[in-house]
Amino acid sequence: HFRRLARLLERADKTSRTLDVKYFVLLPNVTDVGASLDTIQWAALLKSASALEAYRKVHGRIAPSAVAQFLLLDRDFPRAVYFCLLRAEQSLLSITGGTSGSHRNIAEQRLGRLRAEFDYMTMDEIIARGLHEFIDSLQTNVNEVGNAVFETFFASESIESP
């Protein structure tokens, strides 16, 4: 479960970073949105996340907001951030013996809070907040979960000498 937890947190982080790069760096000119180059880049992004076929089955035509929604909020696609958070929480709770909706340690609290935020999140809210800003915050939160897992299970307490 520790390995699965780490893999899922890493996957959530990398999926969000890949999406952020496409959104923020590859297409800086607003006039290029919707052009054939834009569609090719979104398809390449999906392909890099092994998501192109799964996306097309669900959404068909490539649309930037639908791609972002799929990679962030889909609860069934294994590389989507929300899917990763759901499964990461399951692994963490398997380790601790805890239950969803409560916490015994800082790792459960931080991961539970982040997952709960995704339970009710909509793409419209993310866009209103700013996709780049949302992803920056997400990456910070995922890193804080990772740090909390380390503190909870692996950090040794320092022994002070008299």
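What follows is a walk through the helices of this predicted model, how some of them pack, and where a few individual residues sit.

The overall layout is easy to summarise. The chain has eight helices and zero strands, so reading from the N terminus gives α-α-α-α-α-α-α-α, a run that follows from elements defined as DSSP runs. Of the 162 residues in the chain, 41% are buried. Contacts also reach across the sequence: taking those between residues at least 6 apart, 57% join residues at least 24 apart.

Start with the pair α3 and α4. Helix α3 covers residues 52-59 and helix α4 covers residues 64-73, and their axes come within 11 Å of each other. The crossing angle is roughly 115°, and the two helices are therefore roughly perpendicular. In handedness, the α3 and α4 crossing is right-handed. On the α3 side, the contact is built from A54, Y55, V58 and H59, and α4 brings A66, V67 and F70 to meet them. Sorted by class, the residues of this contact come out as six nonpolar, one polar and no charged.

Helix α4 is also mostly covered, with seven of its 10 residues buried. Those buried residues are A66, V67, A68, F70, L71, L72 and L73. A66, V67 and F70 thus turn up in both lists, as buried residues of α4 and as its side of the contact with α3.

Two partly exposed residues belong to this part of the chain. R56 sits in helix α3 and has a relative accessible area of 43%, which makes R56 partly exposed. R56 and A43 are 13 residues apart along the chain, and their C-alpha atoms are separated by 9.9 Å. A63 is found in the loop that joins α3 and α4. With 30% relative accessibility, A63 counts as partly exposed too. Its partner for a distance check is D38: A63 and D38 are 25 residues apart in sequence, and the C-alpha to C-alpha separation is 9.6 Å.

Further along the chain, α6 packs against both α5 and α8, and the two pairings are worth taking in turn. For α5 and α6, the axes come within 10 Å and cross at roughly 150°. That angle makes α5 roughly antiparallel to α6, since anything over 145 degrees is classed that way. The crossing of α5 past α6 is left-handed. From α5, the residues involved are V81, Y82, L85, L86, A88, E89, L92, L93 and T96, and they meet A107, E108, L111, G112, L114, R115, F118 and D119 of α6. This contact divides into 11 nonpolar, two polar and four charged residues.

The other pairing joins helix α6 (residues 106-119) to helix α8 (residues 131-153), whose axes lie 7 Å apart at an angle of about 155°. These helices are therefore roughly antiparallel to each other as well, and the crossing of α6 and α8 is left-handed. In α6, the contact residues are I106, A107, R110, L111, L114, E117 and F118, and across from them in α8 are F134, L138, N141, V142, E144, V145, A148, V149, E151 and T152. By class, the α6 contact with α8 holds 11 nonpolar, two polar and four charged residues. Within α6, residues including A107, L111, L114 and F118 take part in the contact with α5 and also in the contact with α8.

Two buried residues round out the picture. S91 is in helix α5, which spans residues 81-96. The relative accessible area of S91 is 0%, so S91 is buried. Setting aside neighbours within four places in sequence, S91 is in contact with H1, R4 and L5. K22 belongs to helix α1, which covers residues 2-26. This lysine has 3% relative accessibility and therefore counts as buried, the cut-off being under 20%. The K22 side chain has a polar contact with the side chain of Q41, at 3.1 Å.

Notes: Residues numbered from 1 in each chain as written. Predicted model: local features only at pLDDT ≥ 70, side-chain atom pairs only at ≥ 80, totals over all residues. Heavy atoms only, no water. Axes fitted to C-alpha atoms, helices over the stretch in contact; angles between N-to-C directions. Helix = DSSP H or I, 4+ residues; strand = E, 2+ residues; numbered from the N terminus. Parallel < 35°, antiparallel > 145°, perpendicular 65-115°, else oblique. Left-handed = near helix turned anticlockwise from the far one by under 90°. Contact = heavy atoms within 4.5 Å. Nonpolar A, V, L, I, M, F, W, Y, C, P; charged D, E, K, R; others polar. Buried < 20%, exposed > 50% of the residue type's maximum accessible area, 1.4 Å probe, protein only. Polar contact = N/O pair within 3.5 Å; in protein donor to acceptor, adjacent residues only side chain to side chain.
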